[in-house]
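Work through the exercises below with the sequence and the structure open. Try each task before reading its solution.

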Amino acid sequence: MAVVFVGIDPDTDRDHCPTVWADTEAQEILFQGWKPDAETQAQCEQTSPANGSVPDGEAIIRIPARMIPLLREACDAVERAQLR
């Protein structure tokens, strides 16, 4: 596994910090974020084309819009790894 730290929420308090990593080997992006409240979770599940609720091995997380540049950077890192 080649996990590369991409960035952390620029407004973090260092205790509750959404974070982004890129796994260039698996070609995946990893997130740490806030869990949605029950109402938001239910809305996500109701509007998803998937059947049923989110499985135990998956999660819905919230990432603030101010982290969009970090998400782009993570996408670029994974895409570059594909080209090697």
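The exercises treat the sheet, a hairpin, a loop residue and the salt bridges.

This is a predicted model, in which local features need pLDDT of at least 70 and side-chain atom pairs count only at pLDDT 80 or more, while totals for chains, interfaces and linings use all residues. Residues are numbered from 1 along each chain as its sequence is written, and side-chain values use heavy atoms, with hydrogens and water left out.

**Exercise 1. Find the order of the strands in the sheet and say how they pair.**

Step 1. Helices (H or I, at least four residues) and strands (E, at least two) are DSSP runs, numbered from the N terminus. Two strands pair if DSSP finds at least two bridges between them.

Step 2. Strand S1 covers residues 3-8 and is joined to S2 by five bridges, the two running antiparallel. Within this pair, Val4 stands opposite Ala22, and Ile8 has Thr19 as its bridge partner.

Step 3. Five bridges also pair S2 with strand S3 (residues 28-32), again in the antiparallel sense. Here Thr19 is opposite Gln32.

Step 4. The result is an open sheet of three strands in the order S1-S2-S3, with antiparallel pairing. S1 and S3 are the edge strands, since each pairs on one side only. From one strand to the next, the twist averages 20 degrees.

**Exercise 2. Decide whether strand S2 is mostly covered or mostly open, and find the helix that lies across the sheet strands.**

Step 1. Buried means under 20% relative accessible area, exposed over 50%, and partly exposed in between (1.4 Å probe, protein chains only).

Step 2. In S2 (residues 19-23), four of the five residues are buried, and the strand is mostly covered.

Step 3. Helix H2 lies across S1, S2 and S3 and runs at about 10 degrees to S2. Axes are lines fitted to C-alpha atoms, for helices over the stretch in contact, and angles run from 0 to 180 degrees between N-to-C directions.

**Exercise 3. Describe the link between S2 and S3 and the surroundings of Thr24.**

Step 1. The hairpin of S2 and S3 has four residues between the strands, and Gln27 in this hairpin takes a positive phi near 60 degrees.

Step 2. Thr24 lies in the loop between S2 and S3. With a relative accessible area of 14%, Thr24 is buried.

Step 3. Contact means heavy atoms within 4.5 Å. Leaving aside neighbours within four places in sequence, Thr24 is in contact with Ala2, Val4, Ala77 and Ala81.

**Exercise 4. Count the salt bridges and explain what they tie together.**

Step 1. A salt bridge is a side-chain nitrogen of Lys or Arg within 4 Å of a carboxyl oxygen of Asp or Glu. By this rule there are two.

Step 2. One joins Asp9 and Arg66 (2.6 Å, N to O). Asp9 lies in the loop between S1 and S2, and Arg66 in the loop between helix H1 (38-47) and helix H2 (68-83), so the pair ties together parts that are 57 residues apart in sequence.

Step 3. Another joins Arg66 and Asp11 (3.4 Å, N to O). Asp11 is in the loop between S1 and S2, so this pair links parts that are 55 residues apart in sequence.

Step 4. Through shared partners, the salt bridges join Asp9, Asp11 and Arg66 into one network.

Step 5. Asp9 is buried at 2% relative accessibility, Arg66 is partly exposed at 39%, and Asp11 is exposed at 56%.
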